[in-house]
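Reader: I am new to this structure and would like to see the reasoning behind the labels. Please take me through it step by step.

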Amino acid sequence: MNQEWLWVAIGFVGQALFSARFVIQWLASERARRSIIPVAFWFFSLGGGATLLAYAIYRRDPVFIAGQGSGLIIYIRNLMLIRREKRQTDSTKGAISDDVSNS
């Protein structure tokens with residue numbers, strides 16, 4: 001396998017990861033009977049976007065680089081917001097359980 005084929009394979013892996021996020025979102029929404037975006041959606045977005053960015057850099061495609069690069073910022077930010085919300089929820093639950101045990 002030469003280097004060109006290796007990069008084509010990396011591009012297809014990135015595209016598969018990136019596309020899998022839509023399947024995950026669709027299945028989660030069907031199960032919930034409403035539109036939701038699971039955390040896995042953002043992790044697949046991040047993995048697929050990073051892999052596609054590497055491929056775009058190898059190809060030296062400035063349009064593709066800009067698109068994937070800016071997307072990564074959004075995916076990371078969403079994961080940061082989810083983590084912050086989870087921490088706040090966990091601390092609230094801890095405070096409630098402390099109040100209940102002290103009663």
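Author: A residue is called exposed when its relative accessible area is over 50%, buried when that area is under 20%, and partly exposed in between. The model is a predicted one.

Reader: Why is Arg33 called exposed?

Author: Arg33 has a relative accessible area of 72%. The cut-off for exposed is over 50%, so Arg33 is exposed. Arg33 is found in the loop between helix H1 (3–32) and H2.

Reader: What makes the phi of Arg33 worth a remark?

Author: Phi of Arg33 is near 65 degrees, which is a positive value, and the residue is not glycine. Most residues other than glycine have a negative phi.

Reader: Where is Arg60 found, and why does Arg60 count as exposed?

Author: Arg60 is found in the loop between H2 and H3. Its relative accessibility is 72%. The label needs a value over 50%, so Arg60 counts as exposed. Phi of Arg60 is also positive, near 60 degrees, in a residue other than glycine.

Reader: Why is Ser45 called buried?

Author: The relative accessible area of Ser45 is 0%. Buried means under 20%, so Ser45 is buried. Ser45 lies in helix H2. Residues up to four places away in sequence aside, Ser45 touches Phe18, Arg21 and Tyr75.

Reader: What makes those residues count as touching Ser45?

Author: Contact means heavy atoms within 4.5 Å. Phe18, Arg21 and Tyr75 are listed as touching Ser45 under that rule.

Reader: Why does Ser29 count as buried?

Author: Ser29 has 12% relative accessibility. The limit for buried is under 20%, so Ser29 counts as buried. Ser29 has its place in helix H1. With neighbours within four places in sequence left aside, Ser29 is in contact with Arg34, Ser35 and Ile36.

Reader: Why is Arg77 called partly exposed?

Author: Arg77 stands at 41% relative accessibility. Buried would need a value under 20%, and exposed a value over 50%. Neither applies, so Arg77 counts as partly exposed. Arg77 is placed in helix H3. The C-alpha atoms of Arg77 and Trp42 are separated by 9.7 Å, and the two residues are 35 residues apart along the chain.

Reader: What makes Ile82 partly exposed?

Author: Ile82 has a relative accessible area of 27%. The bounds are under 20% for buried and over 50% for exposed, so Ile82 is partly exposed. Ile82 also has its place in helix H3. Leaving aside neighbours within four places in sequence, Ile82 is in contact with Val39 and Trp42. The C-alpha atoms of Ile82 and Ser19, 63 residues apart along the chain, are separated by 21 Å.

Reader: Which residues make up the largest nonpolar core?

Author: That core has 8 residues: Phe18, Phe41, Trp42, Leu52, Leu53, Leu72, Tyr75 and Leu79. Helix H2 (39–59) and helix H3 (62–102) are the elements that give two or more residues to this core. H2 gives the most, with 4 residues.

Reader: Why is that set called a nonpolar core?

Author: The term asks for buried residues of types that include Leu, Phe, Trp and Tyr, joined through side-chain atoms within 4.5 Å. The 8 residues are a set of this kind, so the name applies.

Reader: Which residues is Leu72 in contact with, leaving aside its neighbours within four places in sequence?

Author: Leu72 is in contact with Leu46, Gly49, Ala50 and Leu53.

Reader: How do you know that the chain follows the pattern α-α-α?

Author: The secondary structure comes to 3 helices and 0 strands. Reading along the sequence gives α-α-α.

Reader: How does the radius of gyration of the chain stand against that of a compact globule?

Author: A compact globule of 103 residues would have a radius of gyration near 13 Å, but the chain has 19 Å. The C-alpha atoms fill a box of roughly 70 × 25 × 25 Å along the principal axes.

Reader: How much of the chain counts as buried?

Author: Of the 103 residues, 23% count as buried. The chain exposes about 7400 Å², and carbon and sulfur atoms supply 64% of that area.

Notes. Residues are numbered from 1 along each chain as its sequence is written. This is a predicted model: local features need pLDDT of at least 70, side-chain atom pairs count only at pLDDT 80 or more; totals for chains, interfaces and linings use all residues. Side-chain values use heavy atoms; hydrogens and water are left out. Buried means under 20% relative accessible area, exposed over 50%, partly exposed in between (1.4 Å probe, protein chains only). The radius of gyration is taken over C-alpha atoms; the globule rule is 2.2 Å times the number of residues to the power 0.38. Accessible areas come from the Shrake-Rupley method with a 1.4 Å probe; for residues, only the protein chains shown count as cover.
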